[in-house]
Amino acid sequence: MMDNSIQIPLDLPDVRILKVSKTKEGDWLIRVESTLKGTNCRKCGRKLTQFHGYDQAIRLRHLPIFEQPVFIELRPKRYKCPDCRG
Ligand SMILES: [Zn+2]
């Protein structure tokens, strides 16, 4: 049985897939988002809710699927830590 869905193993931690689309060049483009929402500071452990905007989208090349190039687009979220600037 063929499965219509494509499982893409992402070796990126803490992200979820927002959208999978094909570019007009025929490449796969996977938009992902960080799941670290209102997270704790990874340096000092303080709870961070001060959303500070998005970083510029990062486009990563992933392994090809069916010989088609695959790109992952990630917009990192930024939080301000008042304690350690983490
Ligand atoms: Zn901190």
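**Exercise 1. List the secondary structure elements of the chain in order from the N terminus.**

Solution. From the N terminus on, the elements run β-β-β-β-β-β. This gives six strands and zero helices. Helices (H or I, at least four residues) and strands (E, at least two) are DSSP runs, numbered from the N terminus. The model is predicted: local features need pLDDT of at least 70, side-chain atom pairs count only at pLDDT 80 or more, and totals for chains, interfaces and linings use all residues. Residues are numbered from 1 along each chain as its sequence is written.

**Exercise 2. State the strand order of the open sheet and find its edges.**

Solution. Step one: the open sheet has four strands in the order β1-β2-β5-β4, and its pairing is mixed. Two strands count as paired if DSSP finds at least two bridges between them. Strands of a sheet pair through backbone hydrogen bonds, either parallel or antiparallel.

Step two: β1 (15-22) and β4 each have a single partner strand, so they stand at the edges and one side of each lacks a neighbour in the sheet.

Step three: on average, neighbouring strands of this sheet are turned by 25 degrees against each other, direction ignored. The axes are lines fitted to C-alpha atoms, for helices over the stretch in contact, and angles run from 0 to 180 degrees between N-to-C directions.

**Exercise 3. Describe the pairing of β1 with β2 and of β4 with β5.**

Solution. Step one: β1 and β2 (residues 28-34) run antiparallel and are joined by seven bridges. Arg16 stands opposite Glu33 in β2.

Step two: β4 and β5 (residues 68-75) also pair in the antiparallel sense, over six bridges. Ile65 has Gln68 of β5 as its bridge partner. Two residues lie between the strands of this hairpin, where Phe66 takes a positive phi near 50 degrees.

**Exercise 4. Decide whether Glu25 is buried or exposed, and then examine burial in β4 and the chain.**

Solution. Step one: a residue is buried if 20 or more other C-beta atoms lie within 10 Å of its own, exposed if 12 or fewer, and partly exposed in between, with C-beta atoms placed from the backbone.

Step two: Glu25 lies in the loop between β1 and β2. Glu25 has 8 other C-beta atoms within 10 Å, so this residue is exposed. The C-alpha atoms of Glu25 and Gln68 are separated by 9.8 Å, although the two residues are 43 residues apart along the chain.

Step three: among the eight residues of β4 (residues 58-65), the count of buried residues is zero. In the chain of 86 residues, buried residues make up 6%.
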